[in-house]
Amino acid sequence: MLSSYRQIFAAPGTLAFSSSGFIARLPISMTGIGIVTMLSQLRGSYGIAGLVSATLAVSAAVLGPMVSWLVDRHGQRRVAVPATVVTIAAATGLLLCAHFSAPTWTLFVFAIGMGGMPSTGAMVRARWAHLYRDEAPKLHTAYSFEAVVDEVCFIVGPILSIGLATAVFPEAGLLLAGLFLAVGIALFTSQRRTEPPLHPAHARTGGSAILNGGLIVLVLTFVATGAIFGSVEVVTVAFAEAQGHKAISSVILALWALGSCAAGFVFGTLKLTGSMASRFFGGVVFMAVSMVPLLLVAESVSGVGGLVAVGGALLIAGIAISPTLITAMALVERLVPAAKLTEGMTWTTTGLAIGVAIGSSVGGWTVDGAGAAAGYWVPLTAGVFGVLTAAAGLKRLRTGLDAEPGSAASAETVDLGR
């Protein structure tokens, strides 16, 4: 099993850009929760903390694809370094304003500035695609490895951010996130020999990658997927608190991530056949169906037994996550011309971020209005929306896959007038 992963790291420079990419990706999982933890302590208001964090998420959803669009046109180093400088400057301003009790509006200004953080995950995957574009099994394994790395980031990052902010000083979590970003991007962009070359100008015509019909299907499905993620996190914390064991919620959510990590690791070793579009649709269906046992056990079992049952249900539900996301990234690589790959992958991340914001908000409202157990209706509803979206766009995905990458059919755009 491990031989598949050894093969992808046989190429010179792969370990260096993947490991430095891991460091640079940690801030993605640390900044939002770091802001909430910091401001809730310094300002005594979860409301303000949540709004500032949400402002960062919206800013990242708007600015992220723009930064990646520039990366595809001017190169990773030339764009990622100045974008990182701006992000760290904004984070520094936010830290200083929080520490010295500056007016509340200044927090929002600097949170917007932090939204330009470069999408390291997309840049790492673009390097893998450049190396193994003509070796599908190796590219599949590489994407699987990066999906596992993403899961590790979202397990380790929040623990570091919350732990430092509560045990050392309130600004410590966000401060460490900025340090990780600076060091990670510096190391990553110094790996020049594995940086994808710029494509000729004629390959970058046709407007933004988001005009690709297949990519729109993936992004909309990812909004639903993100809503599952955001709502499950909020509702699970509320459910654990309702059972009198709020602290256990982190362990339960870690089981969810563990299921995804294990599935992603195994998925990367498989030699897959059949339609990639059908495989993606199957993963979306599995993700939606896996929310049903979660809802049933939450509504029927209480106390410690209910927490154990929810943990078991989430462990199984996690199996659907990494394979679905891995397949989606492979679809982006096939659907979007190579000259727009970084931007295309960043749009999927944007879809996830929007979905997380929606899911966490709706999940919180549902818990407040109907109780913690009923909150699990939110991820189930989001899952059903994802299935309907993927089903409606399945033909478009298959059409894009049948075309040669970068061809007119593969780069099909949507007629906005229809």
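## Helix 11 and a nonpolar patch

F286 has its place in helix 11, which covers residues 276-289; helices here are DSSP runs of H or I with at least four residues, numbered from the N terminus. This is a predicted model, where local features need pLDDT of at least 70, side-chain atom pairs count only at pLDDT 80 or more, and totals for chains, interfaces and linings use all residues. Residues are numbered from 1 along each chain as its sequence is written, and side-chain values use heavy atoms, leaving out hydrogens and water.

What is the relative accessible area of F286? The value is 35%, so F286 is partly exposed (buried means under 20%, exposed over 50%, partly exposed in between, with a 1.4 Å probe and protein chains only). F286 also helps make a nonpolar surface patch of about 420 Å², together with L258, L315, I316 and I319. Patch members have over 30% relative accessible area and no salt bridge, and nonpolar side chains (Val, Leu, Ile, Met, Phe, Trp, Tyr) are joined within 5 Å. The areas come from the Shrake-Rupley method with a 1.4 Å probe.

## The cores

Now for the inside. The largest nonpolar core has 81 residues, and W256, F280 and V310 touch the most other members. Helix 9 (residues 213-242) gives the largest share of this core, 13 residues. A core, in this sense, is a set of buried Ala, Val, Leu, Ile, Met, Phe, Trp, Tyr and Cys residues joined through side-chain atoms within 4.5 Å.

Take F280: leaving out residues up to four places away in sequence, F280 touches L218, T221, F222, T324, T327, A328, L331, A390 and L397 (contact means heavy atoms within 4.5 Å). There is also a second, separate core of 18 residues, with A49, A90, L95 and L107 among them.

## Salt bridges around helix 7

How many salt bridges are there? The count comes to five, taking a salt bridge as a side-chain nitrogen of Lys or Arg within 4 Å of a carboxyl oxygen of Asp or Glu. One of them pairs E146 with R25, and their closest N and O atoms are 2.4 Å apart. E146 sits in helix 7 (residues 136-167) and R25 in helix 2 (residues 14-42), so this pair ties together parts that are 121 residues apart in sequence. Both E146 and R25 are buried.

R125 and D150 form another salt bridge, at 2.7 Å from N to O. With R125 in helix 6 (residues 120-132) and D150 in helix 7, the pair ties together parts that are 25 residues apart in sequence. R125 is buried, with 6% relative accessible area. R25, R125, E146 and D150 are linked in a network of salt bridges. E135 and K138 also pair up, with their closest N and O atoms 3.3 Å apart; E135 is partly exposed at 34%, and K138 is partly exposed at 23%.

## P158 and T194

P158 is in helix 7 too. Its C-alpha atom is 7.6 Å from that of G34, though the two residues are 124 residues apart along the chain. Beyond neighbours within four places in sequence, P158 is in contact with S29, I33, C153 and G163.

T194 sits in the loop between helix 8 (172-189) and helix 9. Is T194 buried or exposed? T194 counts as buried, because its relative accessibility is 2%. The T194 side chain reaches the backbone oxygen of Q191 at 3.4 Å. Setting aside neighbours within four places in sequence, T194 is in contact with P12, G13, F17, R127 and H130.

How values were computed
Patch = residues over 30% accessible without salt bridge, like charges linked within 9 Å, V, L, I, M, F, W, Y side chains within 5 Å. Helix = DSSP H or I, 4+ residues; strand = E, 2+ residues; numbered from the N terminus. Polar contact = N/O pair within 3.5 Å; in protein donor to acceptor, adjacent residues only side chain to side chain.
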